[in-house]
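Student: I would like to take a close look at a single part of a protein model. Could you please guide me through it in one connected account?

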Amino acid sequence: MKLRSALMAFGAAVVMTGTAHAANLSIVSGDTGNGLAVLREKLDIYEKTSGNKVTIVPMPSSTTDQFGQYKLWLAAGNSDIDVYQTDVIWAPQLAEQLVDLTEATKDVIGQHFPSIVQSQTVNGKLVAMPLFTDAPALYYRKDLLEKYGKTAPKTWAELAATAKEIQDKERAAGAKDLWGFVWQGNAYEGLTCNALEWVMSYGGGQIVEPDGEISINNPQAVAAIEEAKSWVNTISPPGVLAYQEEEARGVWQTGNAVFMRNWPYAYSLGEGADSAIKGKFDVAPLPAGTGDKARSAATLGGWNLAVSKYSKNQKEAIDLVKFLTSKEMQKKQAIEASNLPTIIDLYDDAEIAKAVPIIPRWKDVFLNAVPRPSAPTKVKYNEVSSNFWTAVHNSLAGSGTTADNLELLEAQLTKLKGNGW
Ligand code: GLC
């Protein structure tokens with residue numbers, strides 16, 4: 001009832017702000033898990049209250065694939081797409097082709113975490129509205145850890161030892177397909193996220209520091225990537241070097257992994273009626289590395305909604321973005337897709353906490369998460385990241401030594417930086 005009256009009020013507000021005639025809008029989005037299905041549900045509500053029609057243009061779930069396509073469309077001035085779902089790292093690279101949302105959202109922007117709003121603000125322009133934020137978790141099988149008298153590992157070394165012991169014993173007892181640890185090793189943006197976590201957890205820096213210094217070629221970074229390499233084909237399947245989020249979740253959710261690194265979206269799916277691990281898992285922060293500066297590190301992720309400068313329905317598109325990022329819709333998305341809200345109050349919402357306990361628990365994790373160096377490297381971020389994930393992927397696959405690969409990476413980044421980012 002509360003939701004319905006809020007939606008009616010929202011519908012009235014849309015009419016009052018002057019949506020004169022019905023528009024046909026299109027929104028382009030890739031997503032993981034049930035993301036697109038939940039988006040469709042929200043759009044169905046929007047269509048009823050606004051009278052507008054909205055088509056989803058579905059994309060692959062890889063952010064790297066999406067980015068490549070969106071760059072091309074925007075460069076060509078494509079007016080078929082009104083709204084883009086954008087990754088947190090893209091704001092500086094796409095800013096010029098997106099509408100400034102500052103004025104239109106000034107009544108609601110204060111509800112969101114200032115740091116997230118900041119990440120989507122480029123030279124004073126709000127280029128996208130926060131939809132949900134992201135910070136990964138170490139998913140672990142409570143039942144298996146209990147069976148072998150283990151607790152959630154605090155270091156990567158402990159994770160590897162626990163994973164190996166449980167994997168070996170369970171396989172011997174007949175669970176032939178069980179692996180210790182699944183994560184995202186494909187050569188794409190997701191590997192940048194995973195590897196930044198390893199490197200930071202060893203005190204090896206952020207690839208490029210907030211002041212623009214290229215820091216990646218250092219012994220802690222080498223040690224961190226070498227440790228990850230030691231997992232491949234021991235506790236992680238050889239195929240992990242081709243895994244993205246959904247491949248990792250596939251192994252995990254069928255009960256074939258002791259540990260998984262993944263984003264919160266995997267939580268509600270893991271608790272779903274058709275999940276083999278329903279009621280059998282919990283989450284913990286990612287493990288720390290070793291050494292003086294060891295810490296647990298999570299890469300900051302998240303998604304936003306932006307209006308294309310080439311949209312012929314900008315006014316309606318902005319209304320749609322405001323609807324989808326509203327408190328009611330973020331709450332629905334939190335409960336149904338276990339996405340972390342960007343609206344501060346929702347972390348105190350009892351219904352969310354009950355339905356998806358990871359959400360209130362993950363507030364501090366995302367607030368302390370490490371950003372990828374998209375702010376300091378600006379329009380060159382995508383190249384920085386692809387050089388990084390390539391160096392890491394080569395190292396994991398045994399193509400060149402990690403030390404040599406990071407040295408080459410440093411040279412590539414130095415060239416890319418030129419006289420400044
Ligand atoms: C998640 C994050 C996003 C990141 C992507 C990498 O979707 O929210 O920021 O780029 O994973 O695969």
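Student: Before we turn to the part itself, what pLDDT does the protein average? I should then be grateful for a close look at the largest nonpolar core and its surroundings.

Tutor: This is a predicted model, in which local features need pLDDT of at least 70 and side-chain atom pairs count only at pLDDT 80 or more, while totals for chains, interfaces and linings use all residues. Residues are numbered from 1 along each chain as its sequence is written, and side-chain values use heavy atoms, with hydrogens and water left out.

The protein averages a pLDDT of 95, and 95% of the residues score at least 70; pLDDT is the predictor's confidence in each residue, from 0 to 100. Over residues 11–16, however, the pLDDT is below 50, and this stretch has three contacts in the model beyond near neighbours in sequence (contact means heavy atoms within 4.5 Å). Where pLDDT is low, the predicted coordinates should not be read in detail.

We may now turn to the core. A nonpolar core is a set of buried Ala, Val, Leu, Ile, Met, Phe, Trp, Tyr and Cys residues joined through side-chain atoms within 4.5 Å; buried means under 20% relative accessible area, exposed over 50%, and partly exposed in between, with a 1.4 Å probe and protein chains only. The largest such core has 82 residues, and W198 and I216 have the most contacts inside it. Domain 1 (2–127 + 301–367) and domain 2 (137–299 + 373–417) both contribute residues to this core, so it lies between them. These bounds come from an automatic or database domain assignment.

Leaving aside neighbours within four places in sequence, I216 is in contact with V199, I207, A221, F388, L406, L409 and L413. A second, separate core of 46 residues includes A95, V122, A128 and L131.

The two domains can also be described as a pair. The C-alpha centres of domain 1 and domain 2 lie 29 Å apart, and 23 residues of domain 1 are in contact with 25 residues of domain 2. The area buried between domain 1 and domain 2 is about 1,900 Å², of which carbon and sulfur atoms give 64%; buried area is the accessible area (1.4 Å probe) that two parts lose on being put together, summed over both.
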